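Biologist: Could you take me through one part of this model slowly, as I am new to this? I would like a close look at the nonpolar patch on the surface.

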Amino acid sequence: MRTNIVIDDDLMEKALEVSGCKTKKDVVELALRELIIANSRMDLSDLKGKITFAEGYDYKTLREGR
């Protein structure tokens with residue numbers, strides 16, 4: 001998809017620097033991928049009350065071997 005957008009020059013320069021990307025297109029694609037990944041993750045608080053542990057499960061005993 002071809003799109004024209006206005007991006008702050010300083011922001012793009014910093015993004016090119018920290019990402020190691022060679023082109024502005026690569027920076028934008030990387031940013032979009034990262035945005036999708038970050039927003040697709042389930043928040044752990046959403047799992048509260050939805051997980052049932054096996055009877056006799058003791059996380060403290062499991063940690064002793066570390």
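Modeller: Happy to; here is the patch, followed by its aromatic residues. Please keep in mind that this is a predicted model, where local features need pLDDT of at least 70, side-chain atom pairs count only at pLDDT 80 or more, and totals for chains, interfaces and linings use all residues. Residues are numbered from 1 along each chain as its sequence is written, and side-chain values use heavy atoms, with hydrogens and water left out.

The nonpolar surface patch is made by I51, F53, Y57, Y59 and L62 and covers about 570 Å². Such a patch joins nonpolar side chains (Val, Leu, Ile, Met, Phe, Trp, Tyr) within 5 Å, from residues with over 30% relative accessible area and no salt bridge. A salt bridge is a side-chain nitrogen of Lys or Arg within 4 Å of a carboxyl oxygen of Asp or Glu. Areas come from the Shrake-Rupley method with a 1.4 Å probe, and for residues only the protein chains shown count as cover.

Now for the rings. The structure holds 1 aromatic pair: F53 and Y57 are stacked, because their ring centres are 4.9 Å apart and their planes meet at 10°. Rings of Phe, Tyr and Trp (its six-membered ring) pair if their centres lie within 6.5 Å, and planes under 30 degrees apart count as stacked, over 60 as edge-to-face and the rest as tilted.

F53 is exposed, at 57% relative accessible area, while Y57 is partly exposed at 43%. Here buried means under 20%, exposed over 50%, and partly exposed in between. Y59 is also partly exposed, at 41%, and lies in helix 3 (residues 59–63). Helices are DSSP runs (H or I, at least four residues), numbered from the N terminus.

Note on methods. Buried < 20%, exposed > 50% of the residue type's maximum accessible area, 1.4 Å probe, protein only. Patch = residues over 30% accessible without salt bridge, like charges linked within 9 Å, V, L, I, M, F, W, Y side chains within 5 Å. Helix = DSSP H or I, 4+ residues; strand = E, 2+ residues; numbered from the N terminus.
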